[in-house]
Amino acid sequence: MIEVQNLTKHYGNITAIDQLSFSIKPGQLVGFLGANGAGKTTTLNTMAGVLLPSSGDVLVEGKSIFNNLAARKHIGYLPDQPPLIDSLTVREYLNFVAQLKEIPPREVLKEIGRVIELCQLHEVESRVCAVLSKGYRQRVGLAQALIGKPRCLILDEPTVGLDPVQIFEFRRLLRSFKDELSIFMSTHILSDVEAVCNDVIVIDRGKAIIQSSIHDLLSQHQEHQKIWIQSSDIEKMTAYIKGQSQVKFLEAKPNAVLVELQVNELSSQAFLKQLVENQFAISEYKHEAIHLEDIYLNLR
């Protein structure tokens, strides 16, 4: 387990992280969200031991990473720019990282083979890093983070710049690790969090404002139910809807309208019945699912 305890980081008069505390259990995949300047990268750099905090601590299995090198070795880190050495081949670079991480010489070849297999780098292991595509650079960056079999993987914007196929493959790769280690991932791509993570932490000005499982977070917001209603009389229906206090008008199209209901005040069935009783012809309706993006945007 990795524990962040009252972590604080000051840059002069600016507080980048403010008494931040949370824990990541074995096998947990946590999405770390926040606007630019919220303190995400500072938090990740501090958790990885790249920065020293102004106060607070980061513990792995109860031991501080700031005064215990063995504890720090349990963390693998992929920053937003993979720290590759362009003049080296992929295999040479991974060999260099293995030496930095003090992998015993007799185990180096086996460990390099393990991460090449995990990250599917066989096709490029002999290429110099300078010629790798963005997708492969991310994979090599992930491979270096996995050397030494860390217990926690920290990722900063791991899918930025990838094409849709590369994103799909990277997500699949991360999900394959869920039984082996914990993952803490900062991203602006909310669909990545929904696709990969089971928990989410949202920070604002260095403070955590949400810490929840994604399932619980989505369930808590199901009282806001969105419905698309299709009708041949949209103009009159729109005017009627705008006059209803229990219904929020969101959007209109040539033959449909999107509304939001407070479910604890008015069910969708009751509202549709109300429309029919007022002589509105409804040809179709469908519920629109609540996504993490909807919740996050409502926080802004």
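**Entry 1: aromatic rings**

I started with the rings and found four aromatic pairs in the structure. I should jot down early that this is a predicted model. A pair of aromatic rings is described by the distance of the centres and the angle of the planes, so I looked up both values each time.

My first pair was Phe-22 with Phe-32: the ring centres are 6.4 Å apart and the planes sit at 45°, so I wrote this pair down as tilted. Where are the two residues in the chain? Phe-22 belongs to strand 2 (residues 14-24) and Phe-32 to strand 3 (residues 29-33), with their positions ten residues apart, so to speak, and the pair links distant parts of the chain. I checked burial too, and both Phe-22 and Phe-32 are buried.

Then I moved on to Phe-32 with Phe-184. Here the centres are 4.8 Å apart and the planes are at 35°, so this pair is tilted as well. This pair also links distant parts of the chain, since Phe-32 is in strand 3 while Phe-184 is in strand 8 (residues 182-186), 152 residues apart. Phe-184 is buried, just like Phe-32. Put together, Phe-22, Phe-32 and Phe-184 make up one aromatic cluster.

**Entry 2: salt bridges**

Next I went for charges. Side chains of opposite charge can pair when their charged atoms come close. I got eight salt bridges for the structure, and I followed up three, starting with Glu-102 and Lys-73.

The side chains of Glu-102 and Lys-73 meet at 2.8 Å, N to O. Glu-102 is in the loop between helix 3 (90-100) and helix 4 (105-118), and Lys-73 is in the loop between helix 2 (69-72) and strand 6 (75-78), so this salt bridge ties together parts that are 29 residues apart in sequence. Are these two buried or exposed? Glu-102 has a relative accessible area of 52%, so I noted Glu-102 as exposed. Lys-73 comes out at 38%, so Lys-73 is partly exposed.

My second salt bridge joins Glu-125 and Arg-91, at 2.9 Å from N to O. Glu-125 sits in the loop between helix 4 and helix 5 (134-146), and Arg-91 sits in helix 3, so the pair ties together parts 34 residues apart in sequence. With a relative accessible area of 18%, Glu-125 is buried. Arg-91 is partly exposed at 31%.

My third is Arg-171 with Asp-192, whose closest N and O atoms are 2.7 Å apart. Again the pair links distant parts of the chain: Arg-171 is in helix 6 (residues 164-175) and Asp-192 is in helix 7 (residues 190-196), 21 residues apart. I half expected charged residues to stick out, but Arg-171 is buried at 18% relative accessibility. Asp-192 is buried too, at 1%.

**Entry 3: a quick look at Thr-41**

Thr-41 is in helix 1 (residues 40-47). Its relative accessibility is 36%, so I put Thr-41 down as partly exposed. How far is Thr-41 from Glu-157? In sequence they are 116 residues apart, but in space their C-alpha atoms are 9.3 Å apart.

**Entry 4: helix 5**

I gave helix 5 a page of its own. Helix 5 has 13 residues and spans 19 Å from first C-alpha to last, which is close to the expected 18 Å. Is helix 5 mostly covered or mostly open? It is mostly covered, with ten of its 13 residues buried. Among the buried ones I listed Gly-135, Arg-139, Leu-142 and Gln-144. What do the buried residues pack against? I found strand 6, helix 3, helix 4, strand 7 (152-156) and helix 6. Just after helix 5 comes Gly-148, with a positive phi of about 95°.

**Entry 5: nonpolar cores**

In soluble globular proteins, nonpolar side chains tend to be buried together. So which residues have the most contacts inside the largest nonpolar core? That core has 46 residues, and the answer is Leu-94, Leu-142, Leu-153, Leu-174 and Phe-177.

I looked up the neighbours of Leu-94. Leaving out residues up to four places away in sequence, Leu-94 touches Ile-112, Val-115, Ile-116, Val-140, Ala-143, Gln-144 and Ile-147. Apart from the largest core lies another one, of 25 residues, including Val-30, Leu-44, Ala-48 and Phe-184. I had already met Phe-184 in the aromatic cluster.

Key. Residues numbered from 1 in each chain as written. Predicted model: local features only at pLDDT ≥ 70, side-chain atom pairs only at ≥ 80, totals over all residues. Heavy atoms only, no water. Phe/Tyr/Trp six-rings, centres within 6.5 Å; stacked < 30°, edge-to-face > 60°. Helix = DSSP H or I, 4+ residues; strand = E, 2+ residues; numbered from the N terminus. Buried < 20%, exposed > 50% of the residue type's maximum accessible area, 1.4 Å probe, protein only. Salt bridge = Lys/Arg side-chain N within 4 Å of Asp/Glu carboxyl O. Expected span 1.5 Å × (residues − 1). Contact = heavy atoms within 4.5 Å. Core = buried A, V, L, I, M, F, W, Y, C linked by side-chain atoms within 4.5 Å.
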